[in-house]
Amino acid sequence: CSVISLSIVAKDARSFQGKASFYARKFNGRRTSSGERYKNNGYTAAHRSLPYGTLLEVTNKSNGKKAVVRVNDRGPHRRKVLLDLSYAAAKKIGIVRRGIGNVRVRVLSKQEIPNTLYASVHN
């Protein structure tokens with residue numbers, strides 16, 4: 001089980017609430033801790049302890065917008081932030097302008113999402 005700071009509320013082992021931020025564009029092309037290269041236009045995320053490859057449905061609590069991301073990095077390095085999202089994922093859920101947002105995160109199984117969406121988070 002992951003270590004959760006006071007700003008993050010665990011509903012159960014498969015869902016969490018907390019804050020999400022996103023990678024600066026300057027990180028595009030740099031290696032993540034998994035060895036992959038970070039892509040601004042990918043749908044990926046950093047989490048402190050979830051296994052690489054874990055699929056997450058991230059929902060912006062203020063507007064209901066959702067994105068599915070794949071964990072491929074460790075972080076975030078700011079203690080009160082649950083996830084660092086790729087730029088594309090942050091833009092899709094509407095947190096780019098503010099830089100941070102309150103999110104609900106749900107761990108997905110591969111069976112819960114369509115194959116086309118699963119393929120898109122792996123590109």
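Where does Pro-76 sit in the chain? Select it and look: Pro-76 is in the loop between β5 and β6, with β6 covering residues 83–85. Keep in mind throughout that this is a predicted model. Now add Gly-75 to the selection and check the bond between the two. The peptide bond from Gly-75 to Pro-76 is cis, with omega near 0°. For background, most peptide bonds are trans.

**Zoom out to the whole chain**

Switch to cartoon view. You should find two helices and seven strands. Trace them from the N terminus and the order reads β-β-β-β-β-β-α-β-α. Colour by accessibility next: of the 123 residues, 44% count as buried. If you draw the contacts between residues at least 6 apart in sequence, 70% of them join residues at least 24 apart.

**Ser-21 and its surroundings**

Go to Ser-21, in strand β2 (residues 15–22). Ser-21 counts as buried because its relative accessibility is 3%, under the 20% cut-off. Show side chains here and find Asp-84: the side chains of Ser-21 and Asp-84 make a polar contact at 2.4 Å. Leaving out residues up to four places away in sequence, Ser-21 also touches others, including Arg-78, Val-81, Leu-83, Leu-85, Gly-99 and Ile-100.

Ile-95 is on that contact list too, and it makes a good next stop. Ile-95 is in the loop between α1 (87–93) and β7. At 1% relative accessibility, Ile-95 counts as buried. Put a distance label between the C-alpha atoms of Ile-95 and Ser-21: the label should read 7.5 Å, for two residues 74 apart along the chain. Setting aside neighbours within four places in sequence, Ile-95 is in contact with Ala-20, Ser-21 and Phe-22, and also with Asn-60, Leu-85, Ala-90, Ile-100 and Gly-101.

**Over to the salt bridges**

How many salt bridges are there to find? The count comes to two. As a general point, side chains of opposite charge can pair when their charged atoms come close.

Select Arg-70 and Glu-36 for one of the pairs: their closest N and O atoms are 2.7 Å apart. Arg-70 lies in strand β5 (residues 66–73) and Glu-36 in the loop between β2 and β3 (44–46), so this pair ties together parts that are 34 residues apart in sequence. Turn on the surface to compare the partners. Arg-70 is buried, with a relative accessible area of 7%, whereas Glu-36 is partly exposed at 30%.

Then pick Arg-106 and Glu-57, another salt bridge, with closest N and O atoms 3.3 Å apart. Here Arg-106 comes from strand β7 (residues 100–108) and Glu-57 from strand β4 (residues 55–60), so the pair ties together parts 49 residues apart in sequence. Which of these partners is buried, and which is partly exposed? Arg-106 is partly exposed, with a relative accessible area of 31%, and Glu-57 counts as buried at 17%.

**Last stop: the largest pocket**

Select Tyr-23, Phe-27, Asp-73, His-77 and Asp-84. Among the 14 residues lining the largest pocket, these lie nearest its centre. You have met Asp-84 already, as the partner of Ser-21 in that side-chain polar contact. The largest pocket holds about 230 Å³ of space. Colour its lining by class and you get six nonpolar, three polar and five charged residues.

Key
Residues numbered from 1 in each chain as written. Predicted model: local features only at pLDDT ≥ 70, side-chain atom pairs only at ≥ 80, totals over all residues. Heavy atoms only, no water. 1 Å grid on protein atoms, 1.4 Å probe; cavity = no way out; pocket = protein on both sides within 12 Å on 5 of 7 lines; lining within 4 Å. Points joined across faces, edges and corners; volume = space filled by probe spheres on them. Nonpolar A, V, L, I, M, F, W, Y, C, P; charged D, E, K, R; others polar. Helix = DSSP H or I, 4+ residues; strand = E, 2+ residues; numbered from the N terminus. Buried < 20%, exposed > 50% of the residue type's maximum accessible area, 1.4 Å probe, protein only. Polar contact = N/O pair within 3.5 Å; in protein donor to acceptor, adjacent residues only side chain to side chain. Contact = heavy atoms within 4.5 Å. Salt bridge = Lys/Arg side-chain N within 4 Å of Asp/Glu carboxyl O.
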